[in-house]
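Welcome! Open your viewer, get your selection tool ready, and let us take a short walk through this model together.

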Amino acid sequence: MLNADEAFRQVMTWCHALPTAERSLEESLGAILAEDVLADQDLPPFDKALVDGYALSSVDAGNGLRDFNVSQTIRAGKFPTDELITGQTARIMTGAPLPQGADSVIMWEHVETVNNDLIRLPVERLIKAGQNVLARGREISQGQVVLPKSLRLNGAAIGVLGSVGRSRVKIVPQPRIRIVPTGDELVEIDQQPGPAQIRNSNAYVLRSLIEQAGGLPEVLPIAKDDPESLSESLSAGLYADILIVTGGVSAGEADLVPDTLASLGVEPVFHKIRLKPGKPLWFGVRHSAEELGQKPVRKVLVFGLPGNPVSVIVNFLLFVKPAIMALRGISTDPVAHRTVPLAEAVENRDERPSYIPARLARRHDRIAADPVNWAGSNDLRGAALADGFILIPSGPCRLAAGSSVSFLPLLPS
Ligand code: AMP
Ligand code: MG
């Protein structure tokens, strides 16, 4: 059976960034930029006052002039048309353009107001050219590359795109991910389950995790454990970049997902990994039209996750999330998981490496992982109370309090 690292490597060999596309700014946060973005104009587009005060010529002040006539008031958003002549100043607000003839601004607190039309500079006050002024083009000059291709767009970058007038931009788009929950025992969450039924919580777990990972989830209706129903649902699920199926991949009689996927042309890559929870994981690929030389079909990565809710989460975080990131053009490193000390001793009696839910808590000035009391991989509530999962090596093994363990976070940091 494959170990988790090898399974990760196999998944990643099938993951490539999606073709670039144009998207609105609203859809671009966190995406990889696929073009160099140029400034359409100088920023700021004019010499701009950085404080409230008086705009004047540093040459006048340098020549010993102290008294200035206030010839105009300039507010932000208004372009001054009257030039200053020797001995004149303009009352100016933060963000407003300097008038012709001025090259500096003195804060209003630093002058003496003789009357409404006259101010006086204190003798000791020196005025330097450019003082309290952000020169035109100082932030960005027209035609300059303001954001380079391959940059990951953070909130500030989205703002820069806005300030150069780009409401649409070329990026690596978000992958579209369809979810097909399977199982005769499932009902929708707003229904009252019968004596042998459970609510379809996995669809909600996956939708949330996909959104956090930057994918676009779409949940399809519950598929029954019979070949026709399954085949119909799974073929609908293949209209996506990634299809996630939950349930039906273990060794039971009703576990028809692998065969049904194969009948739909999905090539199996691996089935089952050495991991707890999440052992029954199935991964395959439906090749694209070019690869198959057939009618137009797109390449789809297919993950068959076991139905147990916590298995779903662990498999998602370890394999599906990095695949989503790779399709978005963002590489992730499986060994980059943070390590934390254990708050208390833990045991693993299983022969598989095991993930158990834990909370991070401060212990003696250090952040330590405190295992959550839980009932195993069916216990979604145990995971709901956790910050993430800690990895305990294959058993039998016992780790003492203070031992360092790998931590897989549930929330994006
Ligand atoms: P399976 O992998 O189909 O054998 O399912 C394993 C366990 O997960 C069973 O207890 C199922 O009832 C449960 N399960 C399967 N699908 C879901 C789902 N969509 N939501 C919640 N639990 C599920
Ligand atoms: Mg099932």
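Keep in mind as we go that this is a predicted model.

**Stop 1: ligand 1**

Begin by selecting Ser-201 together with ligand 1. A backbone N or O atom of Ser-201 sits 3.2 Å from a nitrogen atom of the ligand. The protein covers 80% of the 480 Å² of accessible area that ligand 1 has on its own.

Now add Gly-248, where a backbone N or O atom is 3.0 Å from an oxygen atom of ligand 1. With Glu-185, look at the side chain instead: one of its polar atoms lies 2.7 Å from an oxygen atom of ligand 1.

Next, show the whole shell. There are 15 residues around ligand 1, and Glu-185, Asn-200, Asn-202, Gly-248 and Gly-307 come nearest. Try colouring the shell by type: you should find 3 nonpolar, 10 polar and 2 charged residues.

**Stop 2: helix H1**

Move on to helix H1, residues 4-13. Just at its N-terminal end, select Asn-3, which caps H1 with a side-chain oxygen 3.2 Å from the backbone nitrogen of Asp-5.

Which residues of H1 are buried? Select Ala-4, Ala-7, Phe-8 and Val-11 to see them. They lie on the same side of H1, because they cover an arc of only 105 degrees around the axis. An α-helix has 3.6 residues a turn, so residues three or four places apart point the same way.

Finally, show what covers these buried residues: among the elements are strand S1 (2-3), strand S19 (267-271), strand S22 (300-305) and helix H8 (309-327).

Technical notes:
Residues are numbered from 1 along each chain as its sequence is written. Chains are lettered from A and ligands numbered from 1 in the order in which they are written. This is a predicted model: local features need pLDDT of at least 70, side-chain atom pairs count only at pLDDT 80 or more; totals for chains, interfaces and linings use all residues. Side-chain values use heavy atoms; hydrogens and water are left out. A residue is near a molecule or strand if one of its heavy atoms lies within 4 Å of it. A polar contact is a pair of N or O atoms within 3.5 Å; within protein, one must be able to donate a hydrogen and the other to accept it, and residues adjacent in sequence count only if both atoms are side-chain atoms. Accessible areas come from the Shrake-Rupley method with a 1.4 Å probe; for residues, only the protein chains shown count as cover. Ala, Val, Leu, Ile, Met, Phe, Trp, Tyr, Cys and Pro count as nonpolar, Asp, Glu, Lys and Arg as charged, and the others, Gly among them, as polar. Buried means under 20% relative accessible area, exposed over 50%, partly exposed in between (1.4 Å probe, protein chains only). Helices (H or I, at least four residues) and strands (E, at least two) are DSSP runs, numbered from the N terminus. The arc is that of the directions from the helix axis to the C-beta atoms. Contact means heavy atoms within 4.5 Å.
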